[in-house]
Amino acid sequence: MSDESVTTGRGFFKQTAGAPPHDWMNNMGGSIGLGLPLATGAAVACPDRKVLCLEGDGSGMYTVQALWTQAREGLNVTTVVFANHTYAILRHELANVGAGTPGKRAADMLDIGRPDLDWVALARGMGVPATRATTADEFNKQLTAALAAAGPTLIEAVL
Ligand SMILES: Cc1ncc(C[n+]2csc(CCOP(=O)(O)OP(=O)(O)O)c2C)c(N)n1
Ligand SMILES: [Mg+2]
C-alpha cells in the first residue's frame with residue numbers, strides 16, 4: 001500500500017486490520033507528491049507483489065508522470081485516485097483556524113475544479129489503462145478487475 005489518500009484515508013487502518021498481510025507506506029513528512037513515485041519504486045523493488053496506491057487528486061498532480069514510468073516498465077501498480085476536485089484538507093485547516101467561510105478568491109486557491117481533471121484521460125494518455133467509478137458497486141468491480149490485471153491500472157473514484 002502506498003497511501004497518500006489524505007482526507008479520504010483516515011479510516012483505512014481499521015477497515016484493513018483483518019486483511020491478508022501487507023505493508024503500509026505513508027508519507028513521513030508533510031510534503032505531498034510522494035504516493036505515485038513511492039508506488040513505482042515499490043513495484044520495481046518487489047515485482048512479485050501487487051502495489052495498491054491510494055492517491056488524493058491534488059497530491060497526484062504533483063508527480064503524475066510516475067504513471068508513464070509505470071507503463072513503460074510494466075509495473076504491477078493499481079492506483080486509486082480520490083477525485084474530490086479540491087484540496088479538502090486545506091479547506092479544513094482554514095476552518096480550523098477560525099477563518100470562517102472562504103470568499104471566492106480564497107476558495108479558488110483550495111479548489112482544483114474548473115476544469116475538472118480527467119484522470120482516466122490523463123492515465124490513458126501515459127499508457128495506463130483506466131476506468132472511472134461513480135458508485136461503490138462500480139468501484140468494487142473495477143478494483144477486483146484491476147487487482148487481477150498484470151501491469152499498471154488506474155481507477156478514478158469520483159467523490
Ligand atoms: C510539496 C507540497 N506542496 C503543497 C503542500 C500543501 N498541501 C498540503 S495538503 C494539500 C492538498 C492535498 O489535496 P489532495 O491530495 O487532493 O487531498 P484531499 O485534501 O483533497 O483529501 C496541499 C496543497 C504540501 N504539503 N506539500
Ligand atoms: Mg482532493
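**View 1. The buried residues of helix α4 pack against α2 (35–45), β4 (77–83), α7 (119–125) and β6 (153–158).** This is a predicted model, in which local features need pLDDT of at least 70, side-chain atom pairs count only at pLDDT 80 or more, and totals for chains, interfaces and linings use all residues; side-chain values use heavy atoms, with hydrogens and water left out. Residues are numbered from 1 along each chain as its sequence is written, while chains are lettered from A and ligands numbered from 1 in the order in which they are written. Contact here means heavy atoms within 4.5 Å. Helices (H or I, at least four residues) and strands (E, at least two) are DSSP runs, numbered from the N terminus.

**View 2. Meet the buried residues of α4 (66–73): Ala-66, Leu-67 and Gln-70.** They share the same side of α4, because they cover an arc of only 105° around the axis, taken from the directions from the helix axis to the C-beta atoms. Buried means under 20% relative accessible area, exposed over 50% and partly exposed in between (1.4 Å probe, protein chains only). Just after α4, look for Gly-74, with a positive phi of about 60°.

**View 3. Arg-114 and Pro-115 are joined by a cis peptide bond, with omega about 5°.** Pro-115 sits in the loop between α6 (104–110) and α7. Arg-114 is placed in the loop between α6 and α7 and is exposed, at 62% relative accessible area. Its phi is positive, near 55°, in a residue other than glycine.

**View 4. Val-6 is not a glycine, yet has a positive phi of about 50°.** Find Val-6 in the loop between β1 (2–4) and α1 (12–16). Val-6 counts as partly exposed, at 32% relative accessibility.
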